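Here are my notes for someone opening this structure for the first time. Have the sequence to hand and go through the points in order.

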Amino acid sequence: MTFKSLKVNENVYWVGALDWDERDFHNFEIVRGTSYNAYLIIDDKITLVDTVKYEFFHEMMERIKELIDPSKIDYIISNHVEIDHSGSLPKIKEVAKNATIICTSKGKEGLCRYFDCKNWDFKVVKTGDELKIGRKTLMFVEMPMLHWPDSMVTYIKEDKLLLSSDAFGQHIASIERYDEELGVEEAIKWAKIYYANILMPFSELIKRKLSEIEKLGIQIEMIAPAHGVIWKNPGKIVSAYKDWAEFKSENKLVVVYDTMWNSTKALAKAIVDGAKHGNIKVRLFHVRKDPWSEIVTEILDAKAVAIGAPTMHNTVFPPVAGFLAYMKSLKPKNKIGVAFSSYGWGGGAVREINKVFEELKFEIMEPLQVKYKPTEDELKKAFELGVEVAEKISKTY
Ligand code: FEO
């Protein structure tokens, strides 16, 4: 192991693991791997906050052993049940036999579903509960459904350090462990991808939780999430979260398509040309060639989404149907929706695309359908549709 534990603050250490090779996180394509961030707090009571994915247990242990004897761990805080953070819990419990596990009541329920916990000691906590571990005081804030029912964060009061679990995380394996080292803008880019693919459906909750945390008077000087780099600039990422949770958008159209014989592709390109003529940002994606994680990240702050698919068996071409299901599950809001399609006889793709737009409460524009291959006139119509979308976008706030 070349990379050792890292001092985050006085007596707080990163003891997690970098996963350079993983590319799939429950269907979220993570093109630069990820990290599992566990933190060790050395005080009168030695406290481990979260663990790592099971395969990385030994890596975490090596980092812990550099600092203390792991059998001396008194508390293991489980901010979140999901296995990327709790996977090594049974193994560490075999070593730290007397450690008490601290989590929410849903956390206890979840951990005991995944693991045999009958001999484990638990301390169940709720928002506002505090635990003095020596010089440091830990405060807990429940974060139900951000993004699991059990989720919580741990705040070290004296250090103004928030151990934020998945919130503010990024799926990136990076030897640079701080936002400033990676580059703050770069870190925000990865955090945006994470937000779009994991947290977007919970945007309303996030807005409420951010204001609740403000009301609790919690001052934050540093945020150490469970994935990715640590934020020495918490203001920047908190402000970005506010924007994303409000679906603050820019004058941007995202065009997503698939094609059988290049007809839908020709429509997509004509729409892009028309929209560009209207002086807005345009992004074009192919459903089978581009990562869905990137497409939905662009959709997060776009004002309009155009989706094109060939009609197949009177319905939408299956790869686009898959993408529509993914997008729908993430619940993007406040968008204009445009459907377009090429069909051979019955048609049906635009109807299915519009159904999804309707469920997402998008403002739906008149769809464009062409038979077999678009004529010059039809390509002109597609171009004009692009111009029309751009005009609409420019008038939308
Ligand atoms: Fe990183 Fe929800 O687990």
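1. Start at Phe168. Leaving aside residues up to four places away in sequence, phenylalanine 168 touches Leu162, Leu210, Ile223, Pro225, Trp231, Ile237, Val238 and Tyr241. Keep in mind that this is a predicted model. Phe168 belongs to the largest nonpolar core, which has 69 residues, and together with Ile307 and Met327 it touches the most other members. The most generous contributor to this core is helix α6 (residues 184–199), with eleven residues. Another core, of 29 residues, lies apart from that one; Leu48, Ile64, Val81 and Leu111 are among its members. As background, nonpolar side chains tend to be buried together in soluble globular proteins.

2. Next, have a look at strand β14 (residues 152–156). Is it buried or exposed? Five of its five residues are buried, so the strand is largely enclosed by the rest of the structure. Met152, Thr154 and Ile156 point one way, while Val153 and Tyr155 point the other way. That fits a general pattern: in a regular strand, side chains alternate between the two faces of the sheet.

3. What does β14 pair with? Strand β13 (residues 137–142) is joined to β14 by five bridges, and the two run antiparallel. Within that pair, phenylalanine 140 stands opposite threonine 154. Strand β15 (residues 161–163) also runs antiparallel to β14, with three bridges between them. Here the bridge partner of tyrosine 155 is leucine 162, and Leu162 is also one of the residues that Phe168 touches.

4. Two backbone details around β14 are worth a click. The hairpin of β14 and β15 has four residues between the strands, and lysine 160 takes a positive phi there, near 50 degrees. In the loop between β13 and β14 you will find histidine 147. The peptide bond leading from leucine 146 to histidine 147 is cis, with omega near 5 degrees.

5. Now for the open sheet. Its seven strands come in the order β1-β2-β7-β8-β9-β10-β11, with mixed pairing. At the edges sit β1 (6–9) and β11 (121–124), each pairing on one side only. On average, neighbouring strands are turned by 25 degrees against each other, ignoring direction. One parallel pair in it is β8 (residues 47–49) with β9 (residues 75–77), joined by three bridges. Leucine 48 stands opposite isoleucine 76 of β9 in that pair, and Leu48 is also among the members of the 29-residue core.

6. Two loop residues by these strands have a positive phi without being glycine. Asparagine 11, in the loop between β1 and β2 (12–14), has phi near 65 degrees. Aspartate 50, in the loop between β8 and α1, also has phi near 65 degrees. Their surroundings differ in accessibility class: Asn11 counts as partly exposed at 28% relative accessibility, whereas Asp50 counts as buried at 4%.

7. Proline 70 is another loop residue to check, this time between α1 (57–67) and β9. With 5% relative accessibility, it counts as buried. Beyond residues up to four places away in sequence, Pro70 touches Met61, Ile64, Lys65, Val95 and Ala96. Lysine 97 is 27 residues from proline 70 in sequence and 9.7 Å from it in space, C-alpha to C-alpha.

8. What about the helices? Helix α11 (residues 318–330) packs against helix α12 (residues 349–359) at an angle of about 5 degrees, and their axes are 10 Å apart. That makes α11 roughly parallel to α12. Leu324, Met327 and Lys328 make the contact from α11, and Ile353, Val356, Phe357 and Glu359 make it from α12. By class, this contact has five nonpolar, no polar and two charged residues.

9. Two last stops. Helix α10 (residues 292–300) has seven of its nine residues buried, so it is largely enclosed by the rest of the structure. Ser293, Thr297 and Glu298 are among the buried ones. Asparagine 279, in the loop between α9 (263–277) and β18 (281–286), counts as exposed at 67% relative accessibility. From asparagine 279 to aspartate 74 the distance is 60 Å in space, C-alpha to C-alpha, and 205 residues in sequence.

Terms used:
Residues are numbered from 1 along each chain as its sequence is written. This is a predicted model: local features need pLDDT of at least 70, side-chain atom pairs count only at pLDDT 80 or more; totals for chains, interfaces and linings use all residues. Side-chain values use heavy atoms; hydrogens and water are left out. Buried means under 20% relative accessible area, exposed over 50%, partly exposed in between (1.4 Å probe, protein chains only). Two strands pair if DSSP finds at least two bridges between them. Axes are lines fitted to C-alpha atoms, for helices over the stretch in contact, and angles run from 0 to 180 degrees between N-to-C directions. Angles under 35 degrees count as roughly parallel, over 145 as roughly antiparallel, 65 to 115 as roughly perpendicular and the rest as oblique. Contact means heavy atoms within 4.5 Å. Ala, Val, Leu, Ile, Met, Phe, Trp, Tyr, Cys and Pro count as nonpolar, Asp, Glu, Lys and Arg as charged, and the others, Gly among them, as polar. A nonpolar core is a set of buried Ala, Val, Leu, Ile, Met, Phe, Trp, Tyr and Cys residues joined through side-chain atoms within 4.5 Å.
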